[in-house]
Amino acid sequence: MTVDYEKLRLEMVKEQLEKRGIKDQSVLEAFKKVPRERFMLAENRELAYADGAQTIEAGQTISQPYIVAKMLEALNLSPADRVLEIGTGSGYAAALLAEIAGEVYTVERIEKLAVKARNVLSKLNYENVRVKTGDGTLGWEEYAPYDAILVSAAAPYLPEKLKTQLNKKGRIIIPIGERGGIQQLKLYTRRYNGNLKEEDLEYVRFVPLLGEDSWR
Ligand code: SAH
């Protein structure tokens, strides 16, 4: 039996995103377009629109659609924005960012995941995404400053380089808290005086951000 992924995708947007209060039209449109099944491990592709995170290679995860939607909505993205993502994983969030923003730069520490994500993104014709293997706790200096930074892994604190690579009026969304436990999504917004305003959002559970300016 063939699965009608498009139908499941549209249902997911309605049931998991709209009914839980996601309103940003650009975010909802992106979720209607990006085929999450293409970012899943082949053996559990039929779970693509289940309401949760799923396992991918190297013990990592593809995030729950609702949490990614929350993070994207909080970033309040515009079509011209240049965005940095830390923790490419499957590449799913990068594809969503590519639908909403202008340019996407995404860093993954596990080479195998970066290679796979780059391939899928290229097959799906996302030409505005660049994937690199490296330590995202140091950001990606070459293309800085960024209008928005999305950290897709849990950190003990906001890494220093992400602050310095953020544009004026820039926004950062990052889960901060315990390793292997619960974290809280924090939204940082650059003010006119250069300071960062901090806001607390949802409680979440992400795999750890491992690197020079985080857990080792
Ligand atoms: N955004 C992903 C979810 C990724 S899970 C998706 O949509 O599928 C978090 C990812 O962060 C993992 O792949 C992990 O390897 C990666 N990661 C952890 N620490 C990192 C670091 N310092 N730099 C870059 N990637 C990191």
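Colleague: How many salt bridges does a search of the whole structure find?
Modeller: The search finds 13. This is a predicted model, where local features need pLDDT of at least 70, side-chain atom pairs count only at pLDDT 80 or more, and totals for chains, interfaces and linings use all residues. Residues are numbered from 1 along each chain as its sequence is written, and side-chain values use heavy atoms, with hydrogens and water left out.

Colleague: Why is the meeting of lysine 7 and glutamate 11 called a salt bridge?
Modeller: Their side chains are 3.9 Å apart, N to O. The term needs a side-chain nitrogen of Lys or Arg within 4 Å of a carboxyl oxygen of Asp or Glu, so the pair qualifies.

Colleague: Where do lysine 7 and glutamate 11 lie?
Modeller: Both are in helix α1 (residues 5–18), 4 residues apart, about one turn of the helix. Helices here are DSSP runs of H or I with at least four residues, and strands are E runs of at least two, numbered from the N terminus.

Colleague: Which residues are closest to the ligand?
Modeller: Glu85, Ser90, Glu108, Gly136 and Leu210, out of 27 that surround the ligand. To count as near, a residue needs a heavy atom within 4 Å.

Colleague: What makes the approach of serine 90 a polar contact?
Modeller: An oxygen atom of the ligand is 2.6 Å from an N or O atom in the serine 90 side chain. A polar contact is a pair of N or O atoms within 3.5 Å, so this pair passes. Glutamate 108 also has a side-chain N or O atom 2.6 Å from a ligand oxygen. For glutamate 85, the partner is a ligand nitrogen, at 2.9 Å.

Colleague: Which elements supply at least two residues each to the shell around the ligand?
Modeller: β2 (61–62), β3 (82–86), α4 (92–100) and β4 (103–108) each do.

Colleague: What is joined by a cis peptide bond?
Modeller: Alanine 144 and proline 145, with omega about 5°. Proline 145 is in the loop between β5 (129–133) and β6 (146–151).

Colleague: What is the phi of alanine 58?
Modeller: Near 60°, a positive value in a residue other than glycine. Alanine 58 is in the loop between β1 (54–55) and β2.

Terms used: A polar contact is a pair of N or O atoms within 3.5 Å; within protein, one must be able to donate a hydrogen and the other to accept it, and residues adjacent in sequence count only if both atoms are side-chain atoms.
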